[in-house]
Amino acid sequence: MKHVKQQRIAATYMRGGTSKGVFFKLDDLPEAAQQPGTARDNLLLRVIGSPDPYAKQIDGMGGATSSTSKTVILAKSQQPNHHVDYLFGQVSIDKAFVDWSGNCGNLTAAVGAFAINTGLVEPSLIPKNGIASVHIWQANIQKTIIAHVPIVEGEVQECGDFELDGVTFPAAEVQIEFINPADGDGALFPTGKLCEELEVPGIGSLQATMINAGIPTIFIDAKQLGYSGVELQEDINTDEKALARFENIRAHGALKMGLIDSLEQAAQRQHTPKVAFISPSQSYTSSSGKTIKAEDNDLCVRALSMGKLHHAMMGTAAVAIGTAAAIPGTLVNQVAGGGEREAVRFGHPSGSLKVGAQAQQHKQQWQVTKVSMSRSARILMEGWVRVPSDSF
């Protein structure tokens, strides 16, 4: 039998928002994995426990959902006026690839705390008591994010009374600002239209808003898909035909948005775009048994991530929701009641979330300058992960 040693790598397991992931400092990774490429991807796959044909990730740190099959690599920023560079890898559960095409808005809430705790932010910038504003360069999408991290006696404050639907226990509030979150060329709407017909073979013509803010997202009216708009995970994720239909919509939307050149490429870009279906606000019972009242929200949103309905809401998709809601004429804005707005509150499977957005029209083109929301984060475990040395 071949003798293979395990390699020990410094890592921190953190919850950020409604997601969990394994965090690394770039210079703690093995030399071969400090650069993008096969070695890095193979290392992260083995850490998380993928690919797993059983879809359980038993032999790794992953939790067998899109919300828990995540990795983060951080380094001191190479960008002016930024403290930390943040690279996010969405690890496929049953396939051997890592998707680097987008950001994770939820784990963003943990980036500032990790950066402070590991010395990536200069100690002189951390107040003894107050708020540390960590300027993050999101390397996947080349955007600036600011995390406002609470500090008590010079240390990150993780415990508190801020409640986030989708997370069981309260924690300290971390305010996140996504600065100019549209695509690099400023094209919020890649097709140039606020709302249009999306033709999907086998399904038909669907009214859709396709937006690129936070993360590329396709919004569809729930009624057109035969849904009420207040479905929970088991209503969608146990229906293989429904999941296949959503993947068909996602692939054709990605093609129309210019994210892929052929439908076949969609399978290698699972993280983006997202598909979300929306409905006017209505009362329902959340996945935790909590009663969500219609009058407390502006609309209801259900979103899919990595081929499954998300248990709450992806942070990046929340950016897209807030942005679209702020712009009259989008499907999201219409369903939310129309008109100009700087904030929207929406119901998701686990509860509600409020998102603020500042959008304006310039030379007949819509631009969004900032989207903000509150999340929380907490270290779950820190130390080392171990992987077989022949796995990367």
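The largest pocket in this predicted model holds about 910 Å³ of space. Its lining is made up of 40 residues. Beyond the pocket, there are a few backbone oddities to look at, plus a threonine tucked into a helix, Thr-316.

**The largest pocket**

- Looking for the middle of the pocket? Ile-93, Ser-305, Met-306, Gly-307 and Lys-308 are the lining residues that lie nearest its centre.
- Four elements each give two or more residues to the lining: β2 (19–25), α3 (233–237), α4 (240–256) and β17 (308–309).
- Helix α4 supplies the largest share of that lining, with eight residues.
- Sorted by class, the lining has 19 polar, 13 nonpolar and eight charged residues.

**Backbone oddities: cis peptide bonds**

- Here's some background: most peptide bonds are trans, and most residues other than glycine have a negative phi.
- The bond from Ser-50 to Pro-51 is cis, with omega near -5°. You'll find Pro-51 in the loop that runs between α1 (38–48) and β3 (70–76).
- The bond from Thr-272 to Pro-273 is cis as well, with omega near -5°. Pro-273 sits in the loop between α4 and β13 (274–280).

**Backbone oddities: positive phi**

- Asn-180 isn't a glycine, yet its phi is positive, at about 45°. Look for Asn-180 in the loop between β9 (174–179) and β10 (196–200).
- Is Asn-180 buried, partly exposed or exposed? Its relative accessibility is 41%, so Asn-180 counts as partly exposed.
- Met-306 isn't a glycine either, and its phi is positive too, near 50°. This residue is in the loop between β16 (299–305) and β17.
- Met-306 counts as buried because its relative accessibility is 18%, and the cut-off for buried is under 20%.
- You've met Met-306 already: it is one of the lining residues that lie nearest the centre of the largest pocket.

**A buried threonine**

- Thr-316 belongs to helix α5, which covers residues 315–325.
- Why does Thr-316 count as buried? Its relative accessible area is 3%, and buried means under 20%.
- Which residues does Thr-316 touch, if you skip its neighbours within four places in sequence? Thr-316 is in contact with Asn-103, Cys-104 and Gly-105, and also with Ala-213, Gly-214 and Ile-215.

Key
Residues numbered from 1 in each chain as written. Predicted model: local features only at pLDDT ≥ 70, side-chain atom pairs only at ≥ 80, totals over all residues. Heavy atoms only, no water. 1 Å grid on protein atoms, 1.4 Å probe; cavity = no way out; pocket = protein on both sides within 12 Å on 5 of 7 lines; lining within 4 Å. Points joined across faces, edges and corners; volume = space filled by probe spheres on them. Nonpolar A, V, L, I, M, F, W, Y, C, P; charged D, E, K, R; others polar. Buried < 20%, exposed > 50% of the residue type's maximum accessible area, 1.4 Å probe, protein only. Contact = heavy atoms within 4.5 Å.
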